[in-house]
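Please work through the exercises below with the sequence and the 3D structure at hand, and try each task before reading its solution.

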Amino acid sequence: MKNRLNAIITLVIISLSVNITSCDKKLHKPTKKDIIEFKVDSVLALMNIKEKIGQMNQYAGSWEITGTPSDIDNKTKLEKLKNGEVGSMLNVLTVEATREAQRIVMENSRLKIPLIFGYDVIHGYKTIFPVPLGESASWDLEAIKKSAKIAAQEASASGQHWTFAPMIDVSRDARWGRIMEGAGEDPFLGSRIAEARVKGFQGDDLSKEHTIAACAKHFAGYGFAEAGKDYNTVNIGESELHNVILPPFKAAANAGVATFMNAFNEIDGVPSTGNRNLQQDILKGDWNWDGFMVSDWGSIPEMITHGYAKNKKQAAQIAVIAGCDMDMEGRAYEVALEELIKENKIDISVIDESVRRVLRLKFRLGLFDDPYKYCNSEREKNEVFTIENQNISRDVAKKSIVLLKNQNNILPLDKNTKRIAVIGSLADDKDTPIGNWRAQGVSNSAVSVYEGIQNAVSKTTKIDYEKGADLGVGERSFLVPLKINKTDKSGFTKAVKVAKTADVVVLVLGEDAFQSGEGRSQANVGLAGVQQELLQTIYKVNKNIVLVLMNGRPMEINWADKNIPGILEVWQLGSQSGNAIADVLFGDYNPSGKLPVSFPRSVGQEPLYYNKKNTGRPYSSQHVTYSHHSDTPNNALYPFGYGLSYTSFDYTNLQLNKKAIKNNEPLFASVEITNTGKRIGKEVVQLYIRDLVASRTRPIKELKGFKMVSLKPGETKKVSFSINTELLQFYTANKKWEAEPGDFNVFIGGDSRTTLHETFELLKE
Ligand code: NOJ
């Protein structure tokens, strides 16, 4: 159905452009962008103050709660919708529900400005993909883009216009529950993944039916919460902010991300939601980004609790001036903005600017052309959770698995193994692989590891399953705290019995889906409950164990690393989890994943990351006064970039084409990589640099490139990287992004520990 308002605007624009061209023949034909700007201004000119504030107001539907429910009742919401005082809704699910909410606005409001519907489509809509941290372990940008694309197809087929994803907070703390939602600890990898996800969701044209608007969140610093405790204070300096936290956001902005979300946390005493420097100066100013900023759920009034605003009115004033364009369920804008304008505490131009940004996206999405274009029940029936989407999910899932240990080549297993014992409640769990932030992923809908193994082995293989012990007990859902079984070991005896007679034990341990995610920070990151005891009990009767580690965060698994011959990190892999795991267990897929985050030896090492600073005292063999813990080595148990294969790779002959370059002159680094094992395999070749002396101290290594190569046994390939001077830039003491002359090390290898390196100099101008 065409919107009448749109027809009026089109007439205005046609006459406008006719006027422009008749005044000056040389003036260009209006571009698509110009036309949208004309339309935005035309609508804005028709709006009264209540309608403008309405566009900045977002309500949750009562269907699904992903935050603290607001005090507004449904009757009032309905009235506001009818009056055109709501610009957006979140968590309104299904085509039927979005159609109805849209109808209320289109049939009752004066200007008939369509709603934009948002939802947390984080790793799939109904076809669930690996949790984002797990998917990042694939280092496969095409696969990541594809998964976002499928999520967008399914969400758009179900009435959604906008996802609150990707979460691109760099995080280096395994304790933080939301580490599962991001791309890990590295700003370079995080930036490339942010671009891939944004492009996957948005495609190249937001007006196309299968695309949805993306949202880069949480701006900024949310992943740096003190002690890894969700919502906690963040204290970081300028260098860390610019060099570590902001790059993925800048990459997302450059990739055209439609929206940003600010964050619950404060940075250096200023809540992100009210942070003018971040939102107004950097994002909208320096980066010239033209999308809109939504608050996090209730984060505007939370500035009162932070002790930064005395009431909603002041909170609204601070947020809007800081550049927050839409209030998610905070009810601060709707109660305070009109009064603030009347009192001249906010200039109307500030409101106009926010509204303009919201309308711009609605035009880009084509909502003014057809407010119901995403409300197609046929699409909802036919395009969601399809076999094709399941197959793609399985493909991404198997690529996300990381082989952590493979002593004596215990893996891959033989499909004709006589007897396999499958142990652990997670092995038979069809729900945990769906992970947290599961959108419309149906509970208990994943293929379990047990099922995956059954699907893969030969008819003669006998599989004995025993859970051993439960992990999570009682109700498991988004807002309810998870209870862990810490006492019940009654299933151990049966598990020991099947382990005794098995040729190999596949033991699935790790974390419940609701151990990670929002509000799920932990002070311990080892195996919770009685799992460690189960592992050691089984080990006593059968040492031939493959530990399948299913989790949403890096874990502390020292004992397993020392004693268990085979360890596979499988994260929470989504709908096809069990089949993907079996693909790797039995060698149909040779694992190629690499860790996007360091695994600690002890939680006391957190925050732990490879791209650390050297300090003034990195190491001494003579005395104790150097930077270390006296009870734990300094390095990670499994470092960033690490992951084994069923074959092996050898790196030799690192070469640079020059020993010195001028600014803007490219440098080429190459290496030879040989498959020294017996299977065809894929390897992620990683390029790191170190800027040896700089105006601000630089990390001892920084990822600056990666390429995936496939090699047959015995095959050697030369892999080259171009290092342009842009890659050498950082936020210097001059408060600018620039490359400083001096010496640099270039490292290439299969993980962040690589020592193979060469040196070059960036010459002075
Ligand atoms: C709060 C979370 O922090 C944010 O990431 C999410 O998008 C909103 N709730 C909406 O569910």
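**Exercise 1.** Determine at what angle helix α2 and helix α14 pack, and how their contact is made up.

*Solution.* Helix α2 (residues 32–46) and helix α14 (residues 348–364) pack at about 125°, and their axes are 9 Å apart; helices (H or I, at least four residues) and strands (E, at least two) are DSSP runs, numbered from the N terminus. Axes here are lines fitted to C-alpha atoms, for helices over the stretch in contact, and angles run from 0 to 180 degrees between N-to-C directions. The angle therefore makes α2 oblique to α14, given that angles under 35 degrees count as roughly parallel, over 145 as roughly antiparallel, 65 to 115 as roughly perpendicular and the rest as oblique. The crossing of α2 and α14 is right-handed, where the near helix is turned clockwise from the far one by less than a right angle, while an anticlockwise turn counts as left-handed.

The next step is to look at the residues that meet, with contact meaning heavy atoms within 4.5 Å. On the α2 side they include I36, V40 and L44, and on the α14 side they include V355, L359 and F363. The contact of α2 with α14 divides into seven nonpolar, no polar and eight charged residues, with Ala, Val, Leu, Ile, Met, Phe, Trp, Tyr, Cys and Pro counted as nonpolar, Asp, Glu, Lys and Arg as charged, and the others, Gly among them, as polar.

The model is a predicted one, in which local features need pLDDT of at least 70 and side-chain atom pairs count only at pLDDT 80 or more, whereas totals for chains, interfaces and linings use all residues. Residues are numbered from 1 along each chain as its sequence is written, and side-chain values use heavy atoms, with hydrogens and water left out.

**Exercise 2.** Describe how α7 and α16 cross, and name the residues that make the contact.

*Solution.* The axes of helix α7 (residues 141–157) and helix α16 (residues 387–400) come within 10 Å and cross at roughly 150°, which means that α7 is roughly antiparallel to α16. Their crossing is left-handed. A143, K146, S147, I150 and E154 of α7 make the contact with N389, I392, V396 and K399 of α16, and these residues divide into four nonpolar, two polar and three charged.

**Exercise 3.** Work out which parts of the chain the rings of W139 and F706 tie together.

*Solution.* Rings of Phe, Tyr and Trp (its six-membered ring) pair if their centres lie within 6.5 Å, with planes under 30 degrees apart counted as stacked, over 60 as edge-to-face and the rest as tilted. By this rule the count comes to 25 aromatic pairs. The rings of W139 and F706 have centres 5.1 Å apart and planes at 80°, so this pair is edge-to-face. Because W139 lies in the loop between α6 (132–136) and α7, and F706 in strand β23 (residues 702–711), the pair ties together parts that are 567 residues apart in sequence.

**Exercise 4.** Establish the strand order of the six-stranded open sheet and find its edges.

*Solution.* The order is β11-β18-β17-β16-β12-β13, with mixed pairing, where two strands pair if DSSP finds at least two bridges between them. The edge strands, each pairing on one side only, are β11 (402–406) and β13 (462–466), and neighbouring strands are turned by 15° against each other on average, direction ignored. At one of these edges, four bridges join β11 to strand β18 (residues 566–569) in the antiparallel sense, with L403 standing opposite L568 in β18.
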